[in-house]
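Grab the model and work through these exercises at your own pace. Each one sets a task and then walks through a solution.

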Amino acid sequence: MTSNHLPYFHTLPEKDYQKVVQHSRKRTYLPGDMIVRERTLTDTFCIIETGKVEITKKFSDGEEMTLALMEAGDFFGEMALLDQGPRSASVRALTETTILELSRESFEQLLLEEPTIAYGIMRELGKRLRETGALLIAHLERKNKELQEAYLGTVQALVNALEARDPYMKGHTERVTFLAKRIAQRLQIEKEDLFALEIGALLHDLGKIGIPDLVLQKPGPLEPEERYRIMEHPQLGEAILRNIRYLERSIPSILYHHERMDGKGYPGGLSGKSIPLFGRIIAVADSFDAMMSDRPYRHRMSLPQAVEQLRQGMDQQFDRQVVEAFLQALEEGEFDRILQGNPQT
Ligand SMILES: [Fe+2]
């Protein structure tokens, strides 16, 4: 083992270590003893002379996380030398443990008498603070991911409710979501936006929940009044989700997925790039899947027919760049699983 792998205070020359010992107060703890309690005030920096300790932190959701296990030669309580705030973690003795306690005052004394040793310790403290920061960030990222998964679960429940009402919807949402995500990746959309798009794609037709069964499940061409009812679904969806803050960024997918580049779409009659990108992406994914699905009053198109339809719709119905991204993905086989009836990502 090289000295780099040794706990810091075991890397000090014996005479330097003894200098530190001279400035410290020695204390012994039994297994299970609390050495430092989170949120209490202490002003001591602690070096483990013998034994083993566990450092833990409690989060507001009650979860306790082990930050580290430490052995002889290691140290904790470094924040005590920097501020007088409450401790951010607890330390418990796992075995009989001897601690060298160095108060802020003693450390200042060491700094005056042995600056080289004291600066060495401070460099090590800086390194430790960075490592702890990285650990906490990793924890936050994990929590964020769990939260995203919980969001997705809730959204999926809404989608299931919607699909249960409309048999022609079965699988459509999942396929549109898959296609939209792949298009977005081709367009190099940021990871965070991708998540908002995914939620938007899953919920794009949520407003259909507010449309009567007689209209929604009518097995033939629609009367103008019925068509008008169906055309309300983007706004109905937006109205359902408007006040849910974490869905804010997904609203454009829902509200604008039936807009057209030539301004002849609904509900806003927006045109060109004034249609939010999420809306333009879902429009292509949604239309493609509709073309490729059987309906009571028409058969599905063949793949070449659907591709031709998308090409012809460029600049009028669809955003050219979005269609091109779609066609590239299609050519490279990214949609093979969808075309074979299995949209699992
Ligand atoms: Fe729709």
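Which residue in strand 7 is the bridge partner of Met34? It's Arg92. Before going on, note that this is a predicted model, where local features need pLDDT of at least 70, side-chain atom pairs count only at pLDDT 80 or more, and totals for chains, interfaces and linings use all residues. Numbering starts from 1 along each chain, as its sequence is written.

**Exercise 1. Work out the sheet that holds strand 2, strand by strand.**

Step 1: get the terms straight. Strands (E, at least two residues) and helices (H or I, at least four) are DSSP runs, numbered from the N terminus. Two strands pair if DSSP finds at least two bridges between them.

Step 2: take the pairs one at a time. Strand 2 and strand 7 (residues 90–93) are antiparallel, with two bridges. Strand 7 is also joined to strand 4 by four bridges, again antiparallel, and here Val53 has Ala93 as its bridge partner. Strand 4 (residues 52–58) then runs antiparallel to strand 5 over seven bridges, with Lys58 opposite Glu64.

Step 3: put the order together. You get an open sheet of four strands, 2-7-4-5, with antiparallel pairing. Strand 2 (34–36) and strand 5 (64–71) are at the edges with a single partner strand each, so one side of each has no neighbour in the sheet. From one strand to the next, the twist averages 30 degrees.

**Exercise 2. Do the same for the sheet that holds strand 8, then place the helix that lies across it.**

Step 1: start with the partners of strand 8 (residues 97–103). Strand 1 (residues 25–29) pairs with strand 8 in the antiparallel sense over five bridges. Strand 3 (residues 44–50) is also antiparallel to strand 8, over six bridges.

Step 2: look at Thr98 in strand 8. Thr28 stands opposite Thr98, and Thr50 stands opposite Thr98 as well.

Step 3: add the remaining strand. Two bridges join strand 3 to strand 6 in the antiparallel sense, and Ile47 faces Phe75 there as its opposite residue. The result is an open sheet of four strands in the order 1-8-3-6, with antiparallel pairing. Its edge strands are strand 1 and strand 6 (75–76), each pairing on one side only.

Step 4: now the helix. Helix 2 (residues 104–113) lies across strand 3 and strand 8, at about 70 degrees to strand 8.

**Exercise 3. Describe how helix 4 packs on helix 12.**

Step 1: the geometry. Helix 4 (residues 172–186) and helix 12 (residues 320–331) pack at about 105 degrees, with their axes 9 Å apart. Helix 4 is therefore roughly perpendicular to helix 12. Axes are lines fitted to C-alpha atoms, for helices over the stretch in contact, and angles run from 0 to 180 degrees between N-to-C directions. Roughly perpendicular covers 65 to 115 degrees; under 35 is roughly parallel, over 145 roughly antiparallel and the rest oblique.

Step 2: the residues. Arg182, Ile183 and Arg186 in helix 4 meet Val322, Ala325, Phe326, Gln328 and Ala329 in helix 12. Contact here needs C-beta atoms, placed from the backbone, within 7 Å.

**Exercise 4. Find the hubs of the largest nonpolar core and see which helices feed it.**

Step 1: define it. A nonpolar core is a set of buried Ala, Val, Leu, Ile, Met, Phe, Trp, Tyr and Cys residues joined through C-beta atoms within 7 Å. Buried means 20 or more other C-beta atoms within 10 Å of a residue's own, exposed means 12 or fewer, and partly exposed is in between, with C-beta atoms placed from the backbone.

Step 2: pick the hubs. Among the 40 residues, Leu179, Ala180, Ile183, Ile281, Val284 and Ala285 touch the most other members. Helix 10 gives the most to this core, with seven residues.

Step 3: zoom in on Ile183. Beyond four places in sequence, Ile183 touches Ile281, Val284, Ala285, Val322, Ala325, Phe326 and Ala329.

**Exercise 5. Is Asp289 buried or exposed, and what does Asp289 touch?**

Step 1: Asp289 is in helix 10. Asp289 counts as buried because 22 C-beta neighbours lie inside 10 Å.

Step 2: leaving out residues up to four places away in sequence, Asp289 touches His172, Arg175, Val176 and Leu179.

Note on methods. Contact = placed C-beta atoms within 7 Å.
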